[in-house]
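This report concerns a protein chain and the ligand modelled with it. Please consult the sequence and coordinates shown here.

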Amino acid sequence: MLLGVLTALPLPNSSAVVLKTPLGISPEKAAYFIHGVIEADRTIYSQYLVDRLKETVNLDSTENWQKDKTLPLPAQFLLMASERVRSKNVGLDFRLMSLWPINPKNKPRNHQEKKGLEEVFKNPDEPYTWLQQTDNKLIFNAVYPDKAVAKRCVSCHNSHPKSSKRDFKLNDVVGGILLAFPIDQTLGENNEKIYHVPPEVVTDYIHAILEADRTVYARHVVNHLQKENVIYASENWWEENTLLLPAQFMLNASDLIRNLRLGVDYRLISLWPINPQNGAANRFERAGLESVASYPLRPYIRTTHVGDQKYFQAVYPDLAVSPSCVECHNAHPHSPKHDFKLYDVMGGVVLSVPLDHD
Ligand code: HEC
Ligand code: HEC
């Protein structure tokens, strides 16, 4: 499948080395990247929205956020995003679980998931992983511990009427994030089994998470609270104590990921950027943006080197999915383009993941 895509697309016209047989990414690394992206978005949501707006304008986040006209809880935000990713059928599944769930839907669904939670409870320094063979697929599963990093985790879970555990302490493991996705298997030189995930599948997963988080944010936070006249989104959200624009939500999470040095990197870019920093940084990004503007169905990809490290990169189209995208960009004084139409490709998401060595 990958080779088909590689030969069907124009190769980047740069000094980058293009491999004919791209390597895979180990399932552990793929899970590490995916978990990092989920956590970065959750951190931005918790800090720049839940915590900050409580402090500055006394906007709460509550379980009944629809009725209360408040922000959804971070756990609910994650749940909505995971449902959206699942509905896209890219292959990735993720969700929050606990041995003492407030929501019965979040309990482990089989003995392996239960064991995963028990293991991360005992050893919260690393994820617990296992393989599961289904009819025609080999599924990699990983449970990452989810710790009570703030006092409010403890106070809310200990006092919630539906919680079955009331003695959580700060930094305790409250539950876990389960990731599950299919992997490939090949035989190595000595007939040993090698498990891997094709890099374009890993970027598809990450792209699906980014798309889901941005959509959930736009719909269930921005649109919901603007319609109720509670608060609005604005470019100068920091000075004005408002909601970040969805693009800023994504850009802030990407800064966080870059600072954490996970290895994964992504940017929101365009040939017609409002913010000049979001323009194409090199020929690959420019070619990618041009390509996805004409062929938006598949990302534009390449494999490249930075020093000794090989990277897989993909540019995904970013479409004007709602009239507000078009209205705001067309009217923005810094936008170089004023005739975007609904469903136009307005830009792209460029994603980069490090590849394992040969
Ligand atoms: C204001 C209350 C509140 C706060 C604060 C809160 N939670 Fe929750 N949490 C909930 C509710 C309600 C659910 C169930 C959401 C759903 O419907 O799936 C939940 C779900 C969870 C789950 C999934 C298992 C379950 O109990 O259903 C985990 C794990 C979790 N929270 C961890 C945390 C952590 C870690 C923090 C702090 C960073 C935190 N929570 C902060 C209320 C809260
Ligand atoms: C209320 C105004 C507003 C809305 C609505 C909006 N944007 Fe933007 N968008 C911006 C601003 C401002 C930036 C620059 C953010 C920055 O880098 O500080 C931006 C950045 C971008 C970028 C990166 C390139 C650039 O222009 O800097 C893309 C791509 C983009 N938006 C696409 C979209 C899409 C797709 C939608 C709808 C789903 C959308 N935008 C909705 C204001 C908006």
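The sections below treat the annotated domains, the surroundings of the ligand and one loop residue of this predicted model.

## Annotated domains

An unreviewed UniProt entry assigns the feature "domain: Tll0287-like" to two spans, residues 37-182 and residues 207-354. In the model, residues 37-182 are 41% helix and 21% strand, and the C-alpha atoms at the ends of this span lie 19 Å apart. For residues 207-354 the figures are 41% helix and 22% strand, with 15 Å between the end C-alpha atoms.

## Surroundings of ligand 1

Around ligand 1 there are 21 residues, of which Ala75, Ser98, Cys153, Cys156 and Gly175 come nearest. Three elements give two or more residues to this shell: helix H4 (74-87), helix H6 (151-159) and strand E4 (173-187). The largest contribution is that of H6, with 4 residues.

Sorted by class, the shell around ligand 1 consists of 12 nonpolar, 6 polar and 3 charged residues.

## Lys105 in its loop

Lys105 belongs to the loop that connects strand E1 (93-97) with helix H5 (111-122). Is this residue buried or exposed? Lys105 is exposed, because 11 other C-beta atoms lie within 10 Å and a residue counts as exposed at 12 or fewer.

The C-alpha atoms of Lys105 and Pro276 are 45 Å apart in space, and 171 residues separate the two in sequence.

Terms used. Residues are numbered from 1 along each chain as its sequence is written. Chains are lettered from A and ligands numbered from 1 in the order in which they are written. This is a predicted model: local features need pLDDT of at least 70, side-chain atom pairs count only at pLDDT 80 or more; totals for chains, interfaces and linings use all residues. UniProt positions are given in the numbering used here, feature names are shortened, and annotations may be inferred rather than shown by experiment. A residue is buried if 20 or more other C-beta atoms lie within 10 Å of its own, exposed if 12 or fewer, and partly exposed in between; C-beta atoms are placed from the backbone. A residue is near a molecule or strand if its C-beta atom, placed from the backbone, lies within 6 Å of it. Ala, Val, Leu, Ile, Met, Phe, Trp, Tyr, Cys and Pro count as nonpolar, Asp, Glu, Lys and Arg as charged, and the others, Gly among them, as polar.
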